[in-house]
Amino acid sequence: MSGTRFLGSSADRREAITVLAGAVGLAALYTVVASRVDVMPGRLEFLGTATGLANVWLVRKQNVLSWPIGVVMVSSIGIVFYELGLMGQAWLHLLYFFPLQFWGWWHWVKGGGEDSRLRVTYTPSREWLLYVPIYALGTVAMGRFFGQVYEQATFVYWDASIVAASVIALFLQSRKKVESWILWIGPVNVAAIGLYSITGAAMFAALYVVFLLNALLGVRDWIVAARGHPETASPGG
């Protein structure tokens, strides 16, 4: 019985199938339009876009099946970024996002105490004393590292800033913290749209526009969800 919880309820599964089918349709539509202007995405770019669209929608809806779909998303996107020379994005997806999908999957199902599902809450204020320095130092350290180690690396500090913000955002998301969406909005999505636009990842740039809109809705939805549990929702807790 416990194992089936990792696959969600029957309603979760129906929602995941519907959303994934719609995401594939949208990715196919984009591919048709892009092909008319000679911007043809590759297979992995298509796969990453379709699963990415489904993933962010299901995360916002707190559907546990967002995590296995996320495994496919981060794997395919990470390989594409490696081929584009965006080494920070490649490392982020393959070495951090990939394993964290499994931890987040488990934590959403069993991390709520007494083997129950996790609730949406706010991040304690004291934790930001750790996250802000991690973001700043991580950007500088990774930017220097990728610039020195990989000759094909491009826009290393811009790339690194997105990586550092994403590391924190996904960690908070895996713990169902409202502020994860705020990090996805600016330091990640807005910055990524610009970076991908000028490095030839046009389909991912379009995808992150959708991610941005979804993140705006995510903040709203998770604030409402947190208010449903006032005993655990205090921003200063």
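This short report walks through the salt bridges of the structure above, which is a predicted model.

Let's start with the overall picture: three salt bridges are present in the structure. As a reminder, side chains of opposite charge can pair when their charged atoms come close. Here are the pairs, with the N to O distance for each.

| Salt bridge | N to O distance |
|---|---|
| D221 and R60 | 2.7 Å |
| R220 and D221 | 2.9 Å |
| R175 and E127 | 3.0 Å |

**The network around D221**

Two of the table rows have D221 as a partner, and R60, R220 and D221 are joined in a network of salt bridges. In the bridge between D221 and R60, the side chains meet at 2.7 Å, N to O. This pair connects distant parts of the chain, with D221 in helix 8 (residues 202-227) and R60 in helix 2 (residues 43-60), 161 residues apart.

How buried or exposed are the network members? R60 has 5% relative accessibility and counts as buried. D221, at 17%, is buried as well, whereas R220 is partly exposed at 48%.

**A bridge between two loops**

The remaining pair is R175 with E127, whose closest N and O atoms lie 3.0 Å apart. R175 sits in the loop between helix 6 (156-174) and helix 7 (179-198), while E127 belongs to the loop between helix 4 (87-110) and helix 5 (128-149), so this bridge ties together parts that are 48 residues apart in sequence. Relative accessibility is 18% for R175, which counts as buried, and 17% for E127, which is also buried.

Definitions and conventions. Residues numbered from 1 in each chain as written. Predicted model: local features only at pLDDT ≥ 70, side-chain atom pairs only at ≥ 80, totals over all residues. Heavy atoms only, no water. Salt bridge = Lys/Arg side-chain N within 4 Å of Asp/Glu carboxyl O. Helix = DSSP H or I, 4+ residues; strand = E, 2+ residues; numbered from the N terminus. Buried < 20%, exposed > 50% of the residue type's maximum accessible area, 1.4 Å probe, protein only.
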